Amino acid sequence: MDWIPTISELSGPRYQRIVEAMEADIAAGRLARGQQLPTQRALAKALGIDLTTVTRAYTEARRRGIMEARVGQGSFVSETSARRAVDLPHPVAIDLSMNVPPHPLEAQLDERIIAGMEAIRAQSGLTAYLNYQPPGGSTHEREVAARWMRSRVPHAQADRLLIFPGAQTILFNLLAHLARPGDVVLTEALTFPGIKAAAARLGVKLVGVPMDDGGILPDALAKACRVHRAKAVYLIPTLHNPTTATLSAERRSAIAKIIRDADTTLIEDDAYGLLDRSASPIAGFIPERTYLATTLSKCIAPALRVAYLVTPDSGAQRDMRTSLQATVQMPAPLMVALVTHWIESGIADRIISAIRSEAVGRQQLAQRTLKGFQFLAKPAAHHLWLRLPEDRPDVAAHLLRNGLAVVAGEAFTVDGTPPHAARVSLGAARNRSELTEALRILIGALQKPADTRQIV
């Protein structure tokens with residue numbers, strides 16, 4: 001038996017001491033992710049305690065998400081801190097439709113949330129954040145965020161930055177600010193469903209611009225700008241959703257010139273930029289014409305609801321602050337305080353590094369498993385863009401009947417015919433074991449021959 005916890009130096013009920021020892025050994029590296037744990041009976045014998053105490057400890061460890069049981073195999077240290085979803089709609093068993101970051105144990109999110117809140121409580125008290133706060137964040141919070149962002153966005157300054165409750169709120173407010181019903185905003189031919197929903201609600205017309213595997217085509221964008229006199233251009237230049245395309249430096253420079261020459265405005269969605277720091281935002285070329293949105297939803301966790309907007313100038317910042325106050329008043333103060341503490345202490349970068357490493361590992365797993373199939377992917381992306389058989393328009397529905405949810409190309413299409421493709425969100429799986437099972441189901445659906453039954 002490889003692991004026997006030391007519980008004599010801990011206080012409290014024995015079952016809790018076993019769980020606390022397990023957590024400590026995981027944090028210290030004495031227990032590795034995926035490592036098999038002793039059986040309950042073997043551990044009870046080794047510690048000289050009754051079986052029910054160990055059973056209670058293992059149940060509590062599963063509840064906390066640090067241990068998982070595999071039918072017929074035993075108990076293992078979890079690969080992730082994510083709990084099993086209990087509210088998946090029937091018949092979904094594995095949901096790879098939501099593009100969310102994985103939460104590996106190395107990110108230590110549970111521990112860091114608790115420690116962060118304790119640090120905030122010790123410094124100023126938690127109740128200080130239960131009242132109204134300045135819309136867009138305090139001066140200190142904006143200064144911390146601006147300093148953090150300047151390694152990628154050199155022009156980031158507190159008087160040009162606002163903190164929003166998530167990127168979706170930024171996009172809605174920007175469309176309302178920059179366009180009126182009937183106005184045109186250009187996007188990639190395939191784009192984020194959130195911008196489609198916001199545009200539909202506001203009556204703004206989205207026009208898709210052709211793209212290839214490298215992203216939006218500059219010549220096509222220049223032509224669309226001439227034809228449509230667009231109020232703005234919305235782009236996801238890094239780890240594009242859904243194709244994972246990342247624009248080259250040459251294309252970024254060309255696109256910046258096109259936007260400047262067309263006298264229009266760029267809305268740059270930098271949702272995935274912190275996962276691939278090698279790509280500099282287009283905003284660096286045309287800061288005076290760019291609204292840059294950076295969110296923590298894809299690099300830490302969506303429920304934080306913390307996103308940063310860098311505006312073209314301080315006047316635009318004041319306008320967007322007014323819009324923010326009129327729509328949602330402010331981001332959640334406690335969450336902003338926690339994130340600010342993580343940024344100041346360097347913890348945010350360590351969490352992102354752990355999540356990026358896990359994303360790379362999952363992409364490598366997908367590359368091996370899906371060898372021979374056509375898909376687009378990037379090493380640090382949370383998703384891949386899978387080409388589906390032309391004669392199998394029912395693949396997504398077939399997957400759903402088999403308990404696996406992905407998102408078909410129609411959800412991302414701005415106009416025209418939806419591509420025969422699907423976004424597969426690797427980060428949404430609870431761990432690599434679940435991801436392996438999901439990919440097995442996916443391969444089975446792709447290899448299934450087209451239904452040749454006659455309708456009679």
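Hi everyone, let's start with a pair of helices: H6 and H10 lie oblique to each other, because the angle between them falls outside the parallel, antiparallel and perpendicular ranges. That angle is about 120°, and the axes of the two helices are 10 Å apart. For those following along in the sequence, H6 covers residues 167–178 and H10 covers residues 314–327. The crossing here is right-handed. On the H6 side you'll find Asn173, Leu174 and His177, and they meet Asp319, Met320, Ser323, Leu324 and Thr327 of H10. Sorted by class, that contact has three nonpolar, four polar and one charged residues.

Before I go on, please keep in mind that this is a predicted model. How confident is the prediction? The average pLDDT for the protein is 91, and 95% of the residues score at least 70. Residues 452–456 are another story: pLDDT is below 50 there, and the stretch has zero contacts in the model beyond near neighbours in sequence. As a rule, predicted coordinates should not be read in detail where pLDDT is low.

Now for the overall picture. We have 14 helices and 17 strands in this protein. The radius of gyration is 24 Å, and the globule rule gives 23 Å for 456 residues, so the protein is as compact as a globular protein of that length. If you'd like a box to put it in, the C-alpha atoms fill one of roughly 80 × 70 × 35 Å along the principal axes.

Next, let's look at helix H11, residues 333–345. Which way does H4 run against H11? Their axes come within 10 Å and cross at roughly 100°, which makes H4 roughly perpendicular to H11. From H4, the contact takes in Leu109, Arg112, Ile113, Gly116, Met117, Ala119 and Ile120; from H11 come Leu334, Met335, Ala337, Leu338, His341 and Trp342. The classes in this contact are 10 nonpolar, two polar and one charged.

H11 also packs with H5, residues 139–149, where the axes come within 10 Å and cross at roughly 45°. H5 and H11 are therefore oblique to each other, and H5 passes H11 in a left-handed crossing. His140, Glu141, Val144 and Trp148 of H5 meet Val336, Ala337, Thr340, Ile343 and Glu344 of H11. Here the split is five nonpolar, two polar and two charged residues. If you're clicking along, try Ala337: this H11 residue takes part in the contact with H4 and in the contact with H5.

Let me finish with two spots in the backbone. Where is there a cis peptide bond? Look between asparagine 241 and proline 242, where omega is near 20°. Proline 242 sits in the loop that links strand E9 (232–235) to helix H9 (249–261).

The other spot is glutamine 108, which has a positive phi of about 50° although it is not a glycine. You'll find glutamine 108 in the loop between strand E3 (94–95) and helix H4 (109–123). That brings us back to H4, the helix that crosses H11 at roughly 100°.

Thanks, everyone, and I'm happy to take questions.

Technical notes:
Residues are numbered from 1 along each chain as its sequence is written. This is a predicted model: local features need pLDDT of at least 70, side-chain atom pairs count only at pLDDT 80 or more; totals for chains, interfaces and linings use all residues. Side-chain values use heavy atoms; hydrogens and water are left out. pLDDT is the predictor's confidence in each residue, from 0 to 100. Contact means heavy atoms within 4.5 Å. Axes are lines fitted to C-alpha atoms, for helices over the stretch in contact, and angles run from 0 to 180 degrees between N-to-C directions. Helices (H or I, at least four residues) and strands (E, at least two) are DSSP runs, numbered from the N terminus. Angles under 35 degrees count as roughly parallel, over 145 as roughly antiparallel, 65 to 115 as roughly perpendicular and the rest as oblique. A crossing is left-handed if the near helix is turned anticlockwise from the far one by less than a right angle, and right-handed if clockwise. Ala, Val, Leu, Ile, Met, Phe, Trp, Tyr, Cys and Pro count as nonpolar, Asp, Glu, Lys and Arg as charged, and the others, Gly among them, as polar. The radius of gyration is taken over C-alpha atoms; the globule rule is 2.2 Å times the number of residues to the power 0.38.
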